[in-house]
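Grab a pencil and work through these exercises with the model open beside you. Try each task before you read its solution.

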Amino acid sequence: SDPLAAADRAAGGDPAQPRDHDRDPAHGEVMNRESNPVAALVWTFGLMSLFAVGGANSAIPEMHRAAVDVHHWLTDKQFADVFAISQLSPGPNVLIVTLIGYSVAGVAGALAATVAMCGPTALLAYY
């Protein structure tokens, strides 16, 4: 038996979920074919910020849908891990956006996603 799968089951994970979130295990294909992931992050979170009345936590279900189901940036387990880390860490709840961006495109993705989530609403509030 696979020791990684056993460890994943012991940690409460689903061993059937792919470890490599860029590949579709059924077909061996790359799941996320976006040519510019930073632009996709900016568009996704910039638009989402305009509808996130009540803070970032009110948009968690939509973030999950976009990151897991639509763009395939993360698996369900990875999203749950990112959510847990963002809630355990001190600071703003919008940290989940930074962690998703970092998972997708490193530091550039983290900065782009955070600015996209905070920028539009900050500009609307200012003007």
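**Exercise 1. Which residues of α2 are buried, and what covers them?**

Step 1: Get the ground rules straight. This is a predicted model, where local features need pLDDT of at least 70 and side-chain atom pairs count only at pLDDT 80 or more, while totals for chains, interfaces and linings use all residues. Residues are numbered from 1 along each chain as its sequence is written, and side-chain values use heavy atoms, with hydrogens and water left out.

Step 2: Pick out the buried residues (buried means under 20% relative accessible area, exposed over 50%, partly exposed in between, with a 1.4 Å probe and protein chains only). In α2 they are Ala40, Leu41, Thr44, Phe45, Gly46, Met48 and Ser49.

Step 3: Look at the cover, using contacts (heavy atoms within 4.5 Å). The cover of these α2 residues includes α3 and α5.

**Exercise 2. Compare the end-to-end distances of α2 and α5 with their expected spans.**

Step 1: Recall the terms. Helices (H or I, at least four residues) and strands (E, at least two) are DSSP runs, numbered from the N terminus. The expected span of a helix is 1.5 Å times one less than its number of residues.

Step 2: Take α2. Its 15 residues should span 21 Å, and the end C-alpha atoms are 21 Å apart, so the two agree.

Step 3: Now α5, residues 95-126. With 32 residues, a straight helix would reach 46 Å, but the end C-alpha atoms of α5 are only 22 Å apart.

Step 4: Find the bend (the angle between axes fitted to the seven residues ending at a residue and the seven starting there). α5 bends by about 145° at Ala105.

Step 5: Check a pair of residues in α5. Ile100 and Ala110 are ten residues apart along the chain, and their C-alpha atoms are separated by 7.1 Å.

**Exercise 3. Where does Ile100 lie, and what does it touch?**

Step 1: Ile100 lies in helix α5. Its relative accessible area is 0%, so it counts as buried.

Step 2: List its contacts, skipping residues up to four places away in sequence. Ile100 touches Phe45, Ala67, Trp73, Leu74, Phe79 and Val82.

Step 3: Zoom out to the rest of the helix. Other buried residues of α5 include Ile96, Val97, Gly101, Val104 and Gly109, and the cover of the buried residues of α5 includes α2 (37-51), α3 (60-70) and α4.

**Exercise 4. Is Ser86 buried or exposed, and what does its side chain meet?**

Step 1: Ser86 sits in helix α4, residues 76-88.

Step 2: With a relative accessible area of 1%, Ser86 is buried.

Step 3: Check the polar side chain. One of its polar atoms lies 2.8 Å from the backbone oxygen of Phe83.

Step 4: Leaving out residues up to four places away in sequence, Ser86 touches Leu95, Ile96 and Leu99.

**Exercise 5. What is unusual to look for in the loop between α3 and α4? Work through His72 and Leu74.**

Step 1: Start with the background. Most residues other than glycine have a negative phi.

Step 2: His72 lies in this loop, and its phi is near 60°, a positive value in a residue other than glycine. At 26% relative accessibility, His72 is partly exposed.

Step 3: Leu74 lies in this loop too, and it is buried, with a relative accessible area of 5%. Leu74 and Ser103 are 29 residues apart in sequence and 7.8 Å apart in space, C-alpha to C-alpha.

**Exercise 6. How is the aromatic pair of the structure arranged?**

Step 1: Know the cut-offs. Rings of Phe, Tyr and Trp (its six-membered ring) pair if their centres lie within 6.5 Å; planes under 30 degrees apart count as stacked, over 60 as edge-to-face and the rest as tilted.

Step 2: The structure holds one aromatic pair. Tyr126 and Tyr127 form it, at 4.8 Å centre to centre with 85° between the planes, which makes the pair edge-to-face.

Step 3: Check the exposure. Tyr126 is exposed at 65% relative accessible area, and Tyr127 is exposed at 75% relative accessibility.

How values were computed: Polar contact = N/O pair within 3.5 Å; in protein donor to acceptor, adjacent residues only side chain to side chain.
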